[in-house]
Structure formats: C-alpha cells, structure tokens
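Reader: I am new to this structure and should be grateful for a close look at one part of it. Please describe the place where the two chains meet.

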Protein chains: 2
Amino acid sequence: MMKRTKEQLLVDRTRYLGPNVSTFYDDPVHVVRGEGVWLWDADGRKYLDCYNNVPHVGHCNPRVVEAICRQASTLNTHTRYLHDGILDYVEKLTGTMDASLDTAILTCTGSEANDIALRMAEGTTGKRGIIATDATYHGNTALVSQLSKSNPPSVGFGLGQFFRFVEAPDSYRNPDPDGAKFAQSVAEQIEAHEKSGIGFAALLICPYFLNEGFPDTPDGWLKPTAEVVRKAGGLLICDEVQSGFGRTGTHMWAHEKMGVVPDVMTLGKPMGNGHPIGGVVTRGEILQTFRSGYRYFNTFGGNPVSCAAAMAVLEEIEDKALVRHANTVGQHARKRLEALQAKYEVIGDIRGSGLVFGAEMVLDRDSKEPASEFTDRVINAMRQRGILHSKLGRHKNTLKIRPPMPFSVENADLLFDTLDEVLAETRLAP
Amino acid sequence: MMKRTKEQLLVDRTRYLGPNVSTFYDDPVHVVRGEGVWLWDADGRKYLDCYNNVPHVGHCNPRVVEAICRQASTLNTHTRYLHDGILDYVEKLTGTMDASLDTAILTCTGSEANDIALRMAEGTTGKRGIIATDATYHGNTALVSQLSKSNPPSVGFGLGQFFRFVEAPDSYRNPDPDGAKFAQSVAEQIEAHEKSGIGFAALLICPYFLNEGFPDTPDGWLKPTAEVVRKAGGLLICDEVQSGFGRTGTHMWAHEKMGVVPDVMTLGKPMGNGHPIGGVVTRGEILQTFRSGYRYFNTFGGNPVSCAAAMAVLEEIEDKALVRHANTVGQHARKRLEALQAKYEVIGDIRGSGLVFGAEMVLDRDSKEPASEFTDRVINAMRQRGILHSKLGRHKNTLKIRPPMPFSVENADLLFDTLDEVLAETRLAP
C-alpha cells in the first residue's frame, strides 16, 4: 500500500480527513513498519520509538499478533452469546488489583470508559459535578471532552457546566510534597459544586498526572485527596489509561503507588497493544447501580478477539517481568538525566518513574521561565536523528519519554547519547 | 479456552460483568467457532446464523482475517504519523457515495460516530435540538444513549432535554405510503424545539428504520422529510450502521434507496466485519466546522489494522457482488415469507429488502394485536432447532432476520423450512 510521496500523503490527508488533523514533528514521519521499540519509515530508515505507549509490549508483539490472528480466524462476536474469553480476561485483570475492584465493563476505547465512569458517578451519588485538573485529557466523547479545558466551553451540549478544575500539581514550581495543597484545592471545588446546586459527584484524575507533566508526587501522595473526596460522598475515579499496566515500574497500577484505591478505574490505550479495547473496573455495587439505572450495551466491547489481544498483553507483562524491567531501565534513565542536568543549564528539573520520564526545560533556573520553543526544536532535532519522543505539560516544555515497555538500558543509552549531542548543538535562542 | 460449563459461564458473567448483562435466547448459546453463515457451540452443534450483521462478509471471512493478520504483524499505530491505509480506505469508501460526502473521521464504534455527528450538528447550526424516532437506538455514550426513549430520561447529565421524538413509521398499523405524515410529525417537533428556545439542529435516523421494525417505506420515502429538515436549517444525519454496506440489496446505502443525500452519515458494526471501527462521513465544510470548533483525536481511530480490515470488507462486497446477491436472496426470502403468510394466520405482515426481512406476528389479523409472547417462543424454538435470529419493533413481535451477507438461497430455504415446522407446532396461547 506504500505508494504516495510524503507531499501527496499530506495533500490527501487534508482532502480526505479535513484540515487541522495534527501530525507529530515539523517533518512528519511516514511509518510503514514496527517491531519492538523500532519503527521504520517508507525510505527504510529506522527510528527508536521513545514515545508510543499504545504498543505497550512492543510494536507487533508476536504473542499479541498470534493471539489476534488465532482468535480472528476462529470466532469474533458480541457478548450476548456466552464465551470464556471475556470472563478469563476480567478474572485475570481484576486479579491484579485490590479485591474491591472486582467487576468490569469492557469498551473499545478509554473515552468510552471515562464516559461510563462519569455516569457511574452520577448514578451512584445522584449528583453531576465532576472535578479534574486544568491540564488534563480524558477522551473525546461529548461528555468527557469537556474535561479538557482546551476544548471550547461554549460547545458540547452545555456539558461544561458540570466540570470544575483544580490547578494541576507542579512539583517544580509549586511544591506540595505531601499532597495537602492539592487536597485543599479539591475541597474548594467540591464546595463550589455543592454551592452551585450541581453537587459533587466525582474527582477524575490520572493518578500519576501524565498529561500534566508527571510532577514528582511521592508514593502515597493522593491519600489526603482521597480522604477529602470520600468525606464529601463523591467517587474517586482513576484514569489509568496512561499510568497503568506497570508503566511506573514500581506498581502495576499508579493508584497503588499513590496510596489509594479508586472507586472506579478506567483503562484504554495499552490494554490491547493497539487493538481497540478499553474498560471500566469497579466495585460490584457501583456496576449494579449503573446497569440498573442506564441502558448499556457495547457491540464490539469484550469480543473474543479484543479479549485475546488484551490477555496476551497481561501474559507478556507477567512472563517478561516488564514491571520490574521498567523499574530497572527507569532508574538507569534517571541517572543519565541527572548527568545531563549537571551538564546543561537548560534542564531545570528531571522527573519520572519507570518507563515514563523526562526533563523540564527552562531559560533560567532561577526564574524557571519555560523554554517551550527550545523544547520544540529539541524534539524535532531528535526526530531528524531517528529518536522519536514528544513534549507536554502546561508550558509544553517537558520532554515526555514513554516508550514501549521492552525499552532497554541500551535503548536508553542511545536516546541519551543522542539527546546529549542535540542539547550541545541546539542554541537557546532560535 | 473452552473450559466452563454453561452454568459456570452464567455464574461467572454475573460475578465479573455484573447483573443484567443480557444474553440472546432463554437458553443462551455458548459459541466457540464461526465460519461464513455458521456458528458452532461448545458441544460441536452447528447453527445457521440468520441475525449477525457485524460479520457482514461472513464469520471469519478469510480475506478480512488475512488483512488483519498481515497488518497487525507489520504496523499498528495512530494517525499522527503518515500512513497510506486510512487515505486508501476513505478514498474507496467515499467513492461509493454522493460526491458531496467526501471527507471522514474514523472512530472505533458507531456510538462514537453518532456522538461526533450530533456535535457536528451543534457546531454547524449553533443549536442543540435533535429529533429521533421513539423506537430507535443510536449508541451508548452519555449523549447518544439519550436518543433511546428506553433509557431513563432522569439520567445522562440532563442531556434528555435536547431530544424530541417522533412516532416511528409503522406501515402495517399506520400507513404513510409517501412519507408525508412522517415529514409532518418531524415538522411539528422542529417547531417544538424552536419554541422551547433550544432550537433545531438535526434529525438523526436510520434511513431504513431497522430498529423500528423496517416498515415498508417505498423508495424515495424520505424526500418530504429531508425537505422539511433543510427548510428549517437543520442537518439530516443518516445512521447507516445497520442499513448500509448493501444490506438492503438495492443500493449500497439505504439513504440512496430513500431518495436523499444526508449531510452527515454514520457507520459502525459491519464496517470491519467485527474489528472495532466506525466512522462519520460528511461534506468538507461540516468537517471543517467541527475540526475548528472542537478538539478531537481518536487514538485507535483509523489505525492501519482497522483500515486494512475495513478495506477488505469493501473489496469483498465488490468482488463477490454481495449487494446484488442480497437482492437475489432477499427476493427469494420474500416469496417464501408470502407462502408462509398464506399458510399461517399469525403472520400479519411481511416486510424487508435484501438481507433484512421478517414478519410481524399478530393474534388477529383484523385487530392486529401483537403476538409478542408467541414471537418470543418462536425465536427460542428456532434456536433449539439450530436457527439463530431475533425479534424487534415497538411490540417485539417482528421476526428480524439479518444474516451475514453471504447468506444463500439454500440457507434461506433451511431457515424457512424450519420456520414452517416451528409455526406448525407452536400454539398461539402459551
């Protein structure tokens, strides 16, 4: 199918997909093949993928591909028939969690999962006020897209009225080592929801604040926040789409790291290694409340092929001990980042855990003025050298490195050796 | 993975998936394998599948399976890189439609597609009032689930306020041969939306009213309705999830059959033969309005594997001439239904086009009193004889037969021979 030039691909994207369909990098990559932590473009050039978390156990992981092919050629249908696949998967998935999280609804995307989670909160509390951070993203349905402050509040069927935002944690500029400030700001928004008459239903957060720039939140950091939420009678919803499945290296789920057990937990991207599957895990009584108060069926959700793909992902994490591996590689990455920070004034802060790590770039270490434009040039220079990663955070000045889980110490060395060269060559002013 | 008894499967479903997770048939089928129009259960028993429209080109269609396996082992990633797959597919898909329908957003489900379509209507018209029929289903997100009157209006973040309903067409009990009555009832709800201050944004319908019991609506039937919608400045959204991809046998898309070109068209279930893919097709300017007014990205949407599966479905429809095939088999089915109607008083009305057909069961042909309970027993008796289909419509008394598209004349004969036996043996009173 590889036939268009890059110029023609860009023209046809606008022609068939409309304007404003974003791509990564000033010079987008035309990918044609993937394997493990590697991607190849149409010219046969190889790239180290330091960013894609969807192919969690590696691009084209053989175990996952085999599971998909085997099940797709055997049977693929919906859950109104009986099938072992979905039950085996939910049994194994919930077996990795606190005993209270024992039932699930399987969906096709993390967006669908969060869309359900908010309705679970509405059904359980009888209220509709949701709290999220001001620098997050939880999906693309009409309901959950309003959780992104970057989506215009004037659109989306007036759903914006139900959302209030707290300032995203920022360990670099606004330290809050024990999470007490964050808990206090949540308490303030709970009060505002209650005063407004909408009432407080839930706090929805990524427990490791991946979109917010993964601030340095020590283990147990969410405990005071969870207390505030429970005291107010609301639900704690943890969106583990990015932070789960062992990403942080220390725990299978980031909420464990943060010292809390959510009432509802949502899953997406890495769950099927790219096969479209998402899910909501919760306590039996919350699921029952949702199931009896709302009509819900998902045609593709929990089908045998999706469950086979997702099961292969869990098995691969287990067999290859990928959580421990993420911890080992993450600690090595941390040391390499520290060495770079000692060498380059522009690296203001380094953060991360396991296989999500990065560095915040600043024009001045005292003023902490974000080096956003510089960061952008670094990302693009790295791409030209065959290293793919991205940036994020409120100021778009944090290198975000979040590779497939098989990413090795050697891969990390290639990444940081190249970053060293790029930082040496990139001038602070454009 | 086949290891639980049927009893254990049912226990574990409640245990892991919660209560109220519906199954088909009083004695649910434990399926383990599918091929073409056939399904096999765990005991090796073979069933003729007369109902599943998701495996559109047949269970485990070899072309689709091969496409999925090939692409899944080559590359699967999101659309922020460049790739030919999504462009090839959208080019081919829009090539089957009116020239005005020339751009698309690919999603993972029909629900996500309708969720976008309603926001396109909001963005384009600046209004939020949607009209649907009172016996429909358009998906499971918080927004679109409120389009089902069977979902409690008290839940769903107050979104129910934006929906008004018209009585579903019913050619048997309330004839409307040229669609004028339906157009008039849409006009009344438009006026009600305008009067309420919400304003009219869109009419969202399945152009062949599949959930409503596929009433006998002659070709061109939606023309007066489309006129009313356009005159009021609203969008006509056609949900072709069930009615599209040649299902009706006379046209690739049911809106063509109904004589209209929608402003927005949504797709789902059969698109990838079970692989989770859906989509929204619309005019460039509507897509542009949506893209500039709303933040939208779908991680799995339009990925290379989904597009390969969907492309294989289109190729299979074309190569096997499945639309013409559906017409041929549908005409044969019609004749067999007519013969049964002459023999059995309980068959009040027969309807359908192509590979969606059925019969409305009544206790009395004069009063047209629905034989709902009888229909239920027929469905279950058919299942015991190895023929799988279902029922639908406002009174749940219409046999709904909607098999995979390779369903043959011989398959239809087996279905109707068995139905003949079951009708002969099933007493009207329980």
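Author: The following account turns from the whole contact to one pair of helices and then to the symmetry.

This is a predicted model, in which local features need pLDDT of at least 70 and side-chain atom pairs count only at pLDDT 80 or more, while totals for chains, interfaces and linings use all residues. Residues are numbered from 1 along each chain as its sequence is written, with chains lettered from A and ligands numbered from 1 in the order in which they are written.

Chain A and chain B each bring 89 residues to the contact (C-beta atoms, placed from the backbone, within 7 Å). On the side of chain A that touches chain B, the elements supplying at least two residues each include helix 2 (62–72) and helix 4 (110–125); helices (H or I, at least four residues) and strands (E, at least two) are DSSP runs, numbered from the N terminus.

Helix 2 of chain A meets helix 2 (residues 62–72) of chain B, their axes coming within 10 Å and crossing at roughly 180° (axes are lines fitted to C-alpha atoms over the stretch in contact, with angles from 0 to 180 degrees between N-to-C directions). The two helices are therefore roughly antiparallel (an angle over 145 degrees). A:Val65, A:Ile68, A:Cys69 and A:Ala72 make this contact with B:Val65, B:Ile68, B:Cys69 and B:Ala72.

A turn of 180° and a shift of 0.0 Å along the axis lay chain A on chain B with an RMSD of 0.0 Å (least squares on C-alpha atoms of residues with pLDDT of at least 70 in both). The copies are thus related as by a two-fold rotation axis. In chain A, the C-alpha nearest that axis belongs to A:Cys69, at 2.7 Å.

Key. Two residues are in contact if their C-beta atoms, placed from the backbone, lie within 7 Å. Angles under 35 degrees count as roughly parallel, over 145 as roughly antiparallel, 65 to 115 as roughly perpendicular and the rest as oblique.
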